[in-house]
Every structure is written in C-alpha cells, then in structure tokens.
Amino acid sequence: MTAIKHALQRDIFTPNDERLLSIVNVCKAGKKKRNCFLCATVTTERPVQVNVVKVKKSDKGDFYKRQTAWALRDLAVVDAKDAVKESPDFDLHFDKVYKWVASSTVEKNTFISCIWKLNQRYLRKKIDFINVSSQLLEESVPSGENQSVAGGDEEAVDEYQELNAREEQDIEIMMEGCEYAISNAEAFAEKLSRELQVLDGANIQSIMASEKQVNILMKLLDEALKEVDQIELKLSSYEEMLQSVKEQMDQISESNHLIHLSNTNNVKLLSEIEFLVNHMDLAKGHIKALQEGDLTSSRGIEACTNAADALLQCMNVALRPGHEMLHAVKQQQQRFSDLREQFARRLASHLNSVFVQQGHDQSSTLVQHSVELTLPNHHPFHRDLLRYAKLMEWLKNTDYAKYEGLTKNYMDYLSRLYEREIKDFFEVAKIKMTGTTREGKKFATLPRKESAVKQETESLHGSSGKLTGSTSSLNKLSVQSSGNRRSQSSSLLDMGNMSASDLDVADRTKFDKIFEQVLSELEPLCLAEQDFISKFFKLQQHQSVSGTATSEAEDTDGGTSSRLHTPGVPQPISSEKDMIRQMMTKIFRCIEPELNNLIALGDKIDSFNSLYMLVKMSHHVWTAQNVDPASFLSTTLGNVLVTVKRNFDKCISNQMKQMDEVKISKKSKVGILPFVAEFEEFAALAESIFKNAERRGDLDKAYTKLIRAVFVSVEKVANESQKTPRDVVMMENFHHIFATLSRLKISCLEAEKKEAKQKYTDHLQSYVIYSLGQPLEKLNHFFEGVEARVAQGVREEEVSYQLAFNKQELRKVIKEYPGKEVKKGLDNLYKKVDKHLCEEENLLQVVWHSMQDEFIRQYKHFEGLIARCYPGSGITMEFTIQDILDYCSSIAQSH
C-alpha cells in the first residue's frame, strides 16, 4: 500500500499541487469487483482545499488515472455500517449515496479517522458520522503512525516559524560571545540557563511593580462593563422598535407581492387574449371573399385564394393548453368550419360547372380538326383552370372528400371529351390510310375474313415481291420461272380488290407518315394533360429514384380498379404518382384500344406495315421512358409496342409457315423461288426501315428465323422438283441468296452468307459433273479399262500389249469421235443446260464455262494416259484443246 501511495502522490497529486494523506482500496458494493482507490487529499496552496478523490487503474496500461473528485465540504454523512462489529462496508453521502466495500477494516477505519480529523481541522462543519466507533472520533490521537497520517506533517509545518532578521542578529551576537560553544556544548547550555533565570527574575519583579497599574486597569474594566450593560438596554429597546418596523415592512412586502402577482396575471391574460385575437380573427374582407367572392375573374380568384389561405391559417393555429375549452374559441372554430364548408361547396360547384362547360365548348372545335389529322389544343382550357390551382391545393388540405369528388368529375367529363376527340382523330387517320391511292382506286373491304384470305383470288396485302403477298398463293401456284411467275401472280392479283401493285413503296411511306403523325399528336397531348393534372391537382409527378418501367405486357387496367385515396390521409409520393397514372388511364382509356385498332388495320392493309410500326413505336417508347419511365404515356405505348411486336412476330411466322407449305408444279420449270426473291425485297425494305432504329435486335432475330426457313424450303423444293434438276434449283437460289446478303451487308447473317456461297459452289460443281457426264463415252470406257489393268498391277508401258487395249483398238475408238461429233455433242449439252437454267439468275455462261473446264480436264487426262501407256505410238485425239475452246465459244455465241 505504501508503494501505491507513493506512486499516486508522484503521478497524480504532485502535478496538481496536492498532498495525499490517506488511501483506502475499495470496490462498489453489489457489483462485479473492479477495485479502485479513495484518497483524502489537501492542496499545498492556501486557502487549503480538502478533497476525496477516486483513482482507478487504466484499462490500457498499468498507470492510474484520476476519475472523480468530491469536495469534503459536500460530504453530508459518513456511515460505517456497524460501530461494534468490524465490517469493510461504508457509505459516503455526497450528492447521492456511494456504497463502498474496503479491502480491509483497518484501511476503512484509518480513512474514516482521517476524514474526521480533516473536517475538525479545516472545515468545522457538521458531518454526521453514523455507526462509527467513538475511538476513531477522538480529537487527540496518540503519537505514532496514525498521527502522522492524520495530519502530523501538516501540524509540524504549521509550528515551524522562520526567524526574522532581528532574531538572527541576536543569535549571531550570542554566538560571537560564546566562541567555545561549539567545543563545549554543556558549558554553553549552562550559561544560557543562568541568563534565562536572570530574565525570569527580572520579569517577576516587573510584574510586581505593575500591581498598581493592574488595579487601575480592573477599575476601568468594571466601568466598561457598566457602560456595556447600558448599551445592551438601549439595544434591546431599539430591537423592540425594529421588530415593530419589521412587521410593518413584512405586511408592505406581502402587499407588494400580491400587486406584482396581479400585474403578472394581467400581463399573461393580455398575452393570451392578444394571441387568440391575432391568430383566430379573420378579416371581414376575407369573410366576404369566401362567402361572395367572384370565382370567374382573376382578381376574384386571387382574393378568394388569399382568404382561403388566411382561413386555413386560423384553423390550423396551434392552441395552447386550455384554449379549446373557451366558449369564444369554440364559437370561432365553428364559424371557421362553417366558412370552410360553405366555400368548399361553392368552389366545387363552380369547378364542376367549368368542367361541364369545357366538354360542351370543346366539342364544337372537333369539326375543324376532323379534316386534318390533328388533335384539338387544350392549352387555353388548362391555362384558365390553372388559376384555381392554389384553391385546389387548399381544398385538398381542408376537405379531401370534395377534392376527390372534383377529381372523379374531372375524369368523367374529360374522358368523354377526349374519347370523342381521339375517336374522330383515329377515324381521320383510318380514312387517310384506306383512302384513295395514287391510281385513284379506293380499297374495297379492309377487314377480311379468314376464309377470304385463304382463297386463291385474294393474296395477302403487299407488293409483288412481299412475302405475304406472294407466298400466300404458293399453295395453289406452281414453282415457275420468273417471267411465268410474274404473269400468273399479276393475273391472280387482278382478280382481287386489293392488288399488290396498289401497295408500293409510296403507299408504305404514306402509311409510315400517317402513323408517325398519329403518335406525334398523341404524345404532346398526353404529356400536356399529365403536366396539367400534376399542377392543378397538386400531385407529385417525379420520384427522387426513378423506377424501371416495363414495356412488355404491363397491365395498365389494374391501376384503374383501385380507389383513389382515403379522405384526410396524407398521400406519399408513390401514391400520388399512382393517382396520376389512374387519372390518365381513365381520361385516355380509349387511346390504347384505338391504337390497337389502327395497328390491326395497318397490318391488314399490308403486313409489312408492322416493320414501320415497330420502329416508330419503339422510338416513341424510348423517348417516353427517358422522360418518365412510370408515366401513363410510357406504359401505354409500351403495351401497344407489345402488340406491334406480336404482329411483327406473327408476320414472320406466317412467312415461315407459308414457305413450309409451298407446293411445286410437276410440269413447270423451277427458277428463282418466289420466297427467295421476296426475302431479298423484305431484307432491302427492312434495312431501309430499321436504319439507326432502337429495336434492331428484333429484326436480327427475324432475319435469322427467315433465312433458316428459306434454306429449308429451298432444300425441300429442290428435292421435290421433277422438271428441274435438284442441283440447278439449289445452285440458282443459293447464288441469289448469296448475292443478296453480299449486297445488303447484314452483319448478323455473315455465317448464312458463307453457307449460301458454299452451297452454291458445291451444287454448281455437282451439276457440271452430272450434266457433262462422259461426252466421249466409248473413249471413256476404254481408258477406264486401261486404268483397271494398271490398278491390277500391269505396268503402264505394257498395257498396249493387252489384246483388248492395244494401239489398234485405241485408234478405232478415237476415230469414232471426230471434231464434228464432239461439237454436236457439246451443242446438245448447251441446249440441255439452257433448258434447265432460268433467265433471271443468268448463270448459263458460268455453268457453261465450268463445263468447258471440266471437259478440258477430261481431255488432258486422256492425253496423259496415252502418253504414259502408249509411248512413241504417235496416237493423238482427232481434236485439240483449242478446238474445244473454239467449239464452246462458237456454241455460246450462236445461242
């Protein structure tokens, strides 16, 4: 403990100019033992401050830190728990009771004794020492260790006094007269004793000599006591008089207190009255505006708006406790409520009239817009209604039921108005789509029945090269040459009301412009109405975090079935956005069905219109989603886009189905198949439409499906062809496909382009080999026998010794193929090839050149065999390679 005490003195108290007098090791009672030290300290500077300090070992090391300090003057009670039985528990009562358990009873008693002595020495205040042994509270403590602990060092410091200058001088004089004092201390002490005795005697004589003066002093003291008694009597009388004055002053003070209290109450009452008057008093002008204000003029609307705001402030004032119990306050609140109800009813009635009037006035403008493909402009109506926006906000905050009723009425009236306008607008669009063509012919019956579509006389609507237009009649038409196909197709189309020639590129461009104009008119109309609804009905239009909108199959009708909102309940941002969408969905409920009808009409007119519609609709959906992904416009266009995409997919599926069901004529020559030429036209049209389009991926998928279907159908037709060789069908059609893909440079079909080229090359070679066959048949058989002998082991130079393959036999066979016969055979072969090939693809010269090369290759092979097997015989063919080239050139030129 001594070491700890020295460490605490050195590290904690010495830097703070304090001395540590007592220490006890303790822990808090009733808790997990975490030891600390209570220290009794005094400051080294005067006036002396006595403290009780709590010191605790740091958690991060072995050093101690000062945690809490209490001034001893704040100590009220020291409770040792038991004065008889030794116990380590004790309590110190400062601002609250601190319960401690000492590590030993001796430390506790020593600490309590030190506290008692410090209190007696420095404070002299009454500290209650409860359950403390009387031995610890003795003021005179025996000398020893405890005394030194309790304050012996402090007393020693107080008894020591430094010598002044005169005392130092006297001691020096004495020491000079007693130089021997250092060598003989006893003699020096004896001399001092004798001198002290002399001084004592002199003092006694002086006292005895002053006895007379002492008597005089005593008399003066007696007289002074008498004077004191008289003064005390006067003071008593003065005190009695002052007591009377004090009572009077107390009464005056009490009266002043009551006056002050009354003034304070009056000030508070005045403040409350001023508060109620200032905050719950509505100006007469505002009351008049609410009751009779003109809701048709701008000035009247502004006056009503200001009055409504003032009324709302009066109604929403935060009353202080007790105000609501005042009769005047209740009466004023009832008056405000009546004013609010009256004005809300008047405002709702006026706005409902405005909504009804708008429906009637706007209908008169429909005639002028019915001629042109434009929608009426609602901006003037919106501008007039926006003057009431602040009043609508007031109505929303004060009477949500009427606000909700106005919202529903607005949706009812405006939905009927917009339905008339939009239906008329779409009727004009349909008339323009199905109206007079460039030739002045009008489409007869646009909605076709499925049975009519299946008839041979009615091909699906499209141009002469369009997939739907041509392949729809493939089930009845034979696969024919290009010229025959065109003539038959045109004759069939002339039988129907809707000929393919009526729908050319110009007609499709016209449809594209009409469809774009429809979307361009609808988009600003919806955006303007949504912006107006947001501003007029005070609805939050944009979220801080934009949600993702689905453009695929989102159920927009689901939102309309839910109710708007419960009256009086504040609406969060997401609910207000839903409310905007619900209102827009109800107001423009006819847009989506009308768009779907228009899309269906365009698809019936020409299924290729789905390409235009897919591009346009994708662009508008992308634009709408960039503005607000969750808006009504974005959702509606997204739903319509799904329909357009389905029509596009259906168009592609129909083409593939028609290719699969194609039938060929057994009597007609097969040239470039119709669906191959139509794929070329489809691809060219699609590339022009989808240039820089957002949904290029849809077209790429369609390309892949169509080209695979074209490949399969070409294979199928080639296998079923009886009039035209299979290799010719494959060669010509794959050459056409390869040329088309090379010209259009469609990146997603690079693999198919290479495949088409490979198929064309393979079937060209196969056809050349098959058609050319063995033009020198006997000679070919002869040399096959020669090669067979060589294969059996006969040496090449010995083959001429074989009886069947001697030189004479070879000359006999060669004589059967003079140049004239060879040219005649080649001429017949050319006619045969010309009969097989079609004029459209113009591959006759390519095939003829390949046959020429193949014939020359056979000729060189024969010459090689003659040179090896009949060396030195001088045998040669009766015609040369140059003769072959001349024959082929002459035949080609003659035809």
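**Entry 1: cysteines.** I began with Cys651, which at 2% relative accessibility counts as buried, and I noted that this is a predicted model. I then looked up Cys304, which is buried as well, with a relative accessible area of 0%. My search for disulfides returned a count of 0. I reminded myself that a disulfide is a covalent bond between the sulfur atoms of two cysteines.

**Entry 2: the whole protein.** I listed the secondary structure and obtained 31 helices and 8 strands. Of the 895 residues in the protein, 43% are buried. I also looked at how far along the chain the contacts reach: among contacts with a separation of 6 or more, 72% are between residues 24 or more positions apart.

**Entry 3: strands E2, E3 and E4.** I followed E2 (residues 36-43) into E3 and found that the two pair in the antiparallel sense over 6 bridges, with a hairpin of 6 residues joining them. From E3 (residues 50-57) I went on to E4 (residues 64-71), where the pairing is again antiparallel and runs over 7 bridges, and where a hairpin through 6 residues makes the connection. Val52 let me trace the pairing on both sides, since I found Val52 to be the bridge partner of Ala40 and Trp70 in E4 to be the bridge partner of Val52. I also noted Lys54, which stands opposite Thr68 in E4. When I checked how covered E3 is, I found that 7 of its 8 residues are buried. For reading the side chains here, I kept in mind that in a regular strand they alternate between the two faces of the sheet.

**Entry 4: Asp727.** I placed Asp727 in helix H25, which spans residues 726-744. Which side chain of opposite charge is nearest to Asp727? I found that it is Arg726, 4.2 Å away, and that Asp727 is buried yet has no salt bridge. The cut-off for a salt bridge is 4 Å between nitrogen and oxygen, so a distance of 4.2 Å does not qualify. What I did find is a polar contact of 2.8 Å between the side chains of Asp727 and Ser766. Leaving aside neighbours within four places in sequence, Asp727 is in contact with His763, Ser766 and Tyr767.

**Entry 5: Lys753.** I located Lys753 in helix H26 (residues 750-772). Lys753 forms a salt bridge with Glu750, the closest N and O atoms being 3.4 Å apart, and both residues lie in H26, 3 residues apart, which is about one turn of the helix. Glu750 is partly exposed, with a relative accessible area of 31%. Beyond residues up to four places away in sequence, I saw that Lys753 touches Phe738, Leu741 and Ser742. I also took the distance between the C-alpha atoms of Lys753 and Ala739, which is 8.6 Å, although the two are 14 residues apart along the chain.

**Entry 6: further salt bridges.** My count of salt bridges came to 29. One of them joins Glu341 and Arg345 at 3.8 Å, N to O, and these residues are separated by about one helical turn because they are 4 residues apart in helix H9 (residues 327-363). Glu341 is partly exposed at 28% relative accessibility, and Arg345 is partly exposed at 47%. Another salt bridge, also 3.8 Å, N to O, joins Glu809 and Lys812, which both lie in helix H28 (residues 807-815), 3 residues apart. Lastly, I noted that salt bridges with shared partners join Glu341, Arg345, Asp399 and Lys402 into one network.

Notes:
Residues numbered from 1 in each chain as written. Predicted model: local features only at pLDDT ≥ 70, side-chain atom pairs only at ≥ 80, totals over all residues. Heavy atoms only, no water. Disulfide = S-S within 2.5 Å. Buried < 20%, exposed > 50% of the residue type's maximum accessible area, 1.4 Å probe, protein only. Pairing = 2+ DSSP bridges. Lys, Arg positive; Asp, Glu negative; His and termini not counted. Polar contact = N/O pair within 3.5 Å; in protein donor to acceptor, adjacent residues only side chain to side chain. Contact = heavy atoms within 4.5 Å.
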